[in-house]
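Thanks for coming. I will go through one structure today, a few residues at a time, so please keep the picture open while I talk.

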Amino acid sequence: MGILDKFFRKKREEKESLWTKCPECKTILYIPELSANLKVCPKCNYHFPMNAKERVESLLDGDVEVLFENILPKDPLGFKDTKSYKDRIRQAQDETGMSEAILVVRGRLRDIPMVLTVMDFSFIGGSMGSVVGERFYRACKLSASQNLPLVSVITSGGARMQEGILSLMQMAKTSIGVGLLEEKGLPYITVLTDPTMGGVSASFAFLGDIILAEPRSLIGFAGPRVIEQTIKQQLPEGFQRSEFLLEKGMLDMVVHRKELKDVLYRLLKMSTHGGRYVGI
């Protein structure tokens with residue numbers, strides 16, 4: 001997967017610690033061992049965040065083709081609060097090595113060719129602006145034209161406020177993209193991770209033929225604190241966590257990260273017939 005490295009801008013030089021503390025069980029963990037365990041705490045199974053590059057490397061085999069990196073963010077509204085939007089984009093690019101909050105690649109999950117989109121929360125909260133929407137739409141269009149399944153690993157705080165209505169328009173655009181796959185009878189599987197919120201959850205995140213989620217992921221539209229303040233009631237324990245949503249029929253499966261690759265492979269294999277994809 002070394003081919004991915006050239007598509008990531010050089011990160012800002014930082015002194016990195018070799019140790020971290022699990023926020024769930026408070027165990028002190030050796031970071032190289034944690035990374036080798038797919039960033040899952042060996043003591044309590046807490047799923048640490050993964051960046052887009054780590055996600056791709058954990059799911060696909062062999063070299064991948066990185067797509068649509070020529071589509072880059074702009075500042076159409078000249079937005080500025082404490083700092084300009086352009087400065088926020090540059091800072092996010094420096095700190096993450098990403099060009100935007102979504103990475104689109106074409107590759108193989110074992111023997112299955114596919115298109116994979118991965119969002120990265122560390123890039124402005126994984127927010128969906130016009131570039132995220134356009135790259136996702138093009139991923140759908142490519143999948144439809146080449147008869148390939150699409151898997152989308154999602155984490156996001158929602159629409160990107162610095163782009164105003166242009167960001168909200170992406171809810172419709174991404175939904176139209178999913179419709180292209182539906183017309184061709186191609187499988188579209190979403191993997192919701194912590195957190196998946198706002199306009200992303202209200203559009204392409206919940207349009208999957210099969211909707212998976214990682215354990216204990218926060219998933220919803222408005223956050224629980226906002227909901228409690230609005231309805232003036234205490235929410236039930238575990239509200240908006242993936243296990244709660246599974247119980248209420250909003251998800252199909254909650255999948256441990258170490259089992260995700262096997263589960264995706266089996267699901268994609270089940271959706272084939274005679275070498276051609278059919279609707280799930």
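Start on the surface. L18, W19, I28 and Y30 make up a nonpolar patch there, and together they have about 420 Å² of accessible area. One of them, W19, sits in strand β1, residues 19-21. Before going further, keep in mind that this is a predicted model.

Next, helix α2, which covers residues 52-59. Which residues of α2 are buried? They include A52, R55, V56 and L59. These four span an arc of only 95° around the axis, so they lie on the same side of α2. As for what covers the buried residues of α2, the list includes the strands β3 (61-67), β4 (102-109), β5 (112-119), β6 and β7 (188-196), and also α9 (257-270).

Look at the start of α2. A side-chain oxygen of N51 comes within 3.2 Å of the backbone nitrogen of K53. The side chain of K53 also forms a salt bridge with that of E57, at 2.9 Å from N to O. Why can these two be described as a turn apart? K53 and E57 are 4 residues apart in helix α2, which means about one helical turn between them. E57 is partly exposed, because its relative accessible area is 33%, and the cut-off for buried is under 20%.

That brings me to salt bridges in general. How many salt bridges are there? The count is 15. I will take two more of them.

The first topic is E100 with R160. Their side chains meet in a salt bridge at 2.8 Å, N to O. This pair links distant parts of the chain, 60 residues apart: E100 is in the loop between α3 (85-96) and β4, while R160 is in the loop between β6 and α5. Are these residues buried or exposed? E100 has 0% relative accessibility, so E100 counts as buried. R160 has 1%, so R160 counts as buried too. Leaving aside residues up to four places away in sequence, R160 touches Y85, E100, A101, F123, I124, S127, M128, G129 and S167. You can find the salt-bridge partner E100 in that list.

Now E214 with R257. In this salt bridge, the closest N and O atoms are 2.9 Å apart. E214 lies in the loop between β8 (210-213) and α7 (224-231), and R257 lies in helix α9, so the pair ties together parts that are 43 residues apart in sequence. Both E214 and R257 are buried. There is a third member here: R55, E214 and R257 are linked in a network of salt bridges. R55 should sound familiar, as one of the buried residues of α2.

Last, a glycine. Where is G157? It is in the loop between β6 and α5, and R160 is found in that loop as well. The two do not have the accessibility class in common: R160 is buried, with a relative accessible area of 1%, whereas G157 is partly exposed, at 47%. Outside the residues up to four places away in sequence, G157 touches F121, G125, G126, M197 and G198. Finally, take the C-alpha atoms of G157 and S145. These residues are 12 apart along the chain, and the atoms are separated by 30 Å.

That is the end of my tour. Questions are welcome.

Key:
Residues numbered from 1 in each chain as written. Predicted model: local features only at pLDDT ≥ 70, side-chain atom pairs only at ≥ 80, totals over all residues. Heavy atoms only, no water. Buried < 20%, exposed > 50% of the residue type's maximum accessible area, 1.4 Å probe, protein only. Contact = heavy atoms within 4.5 Å. Patch = residues over 30% accessible without salt bridge, like charges linked within 9 Å, V, L, I, M, F, W, Y side chains within 5 Å. Areas by Shrake-Rupley, 256 points an atom, 1.4 Å probe, with all protein chains shown as cover. Salt bridge = Lys/Arg side-chain N within 4 Å of Asp/Glu carboxyl O. Arc of directions from axis to C-beta. Polar contact = N/O pair within 3.5 Å; in protein donor to acceptor, adjacent residues only side chain to side chain.
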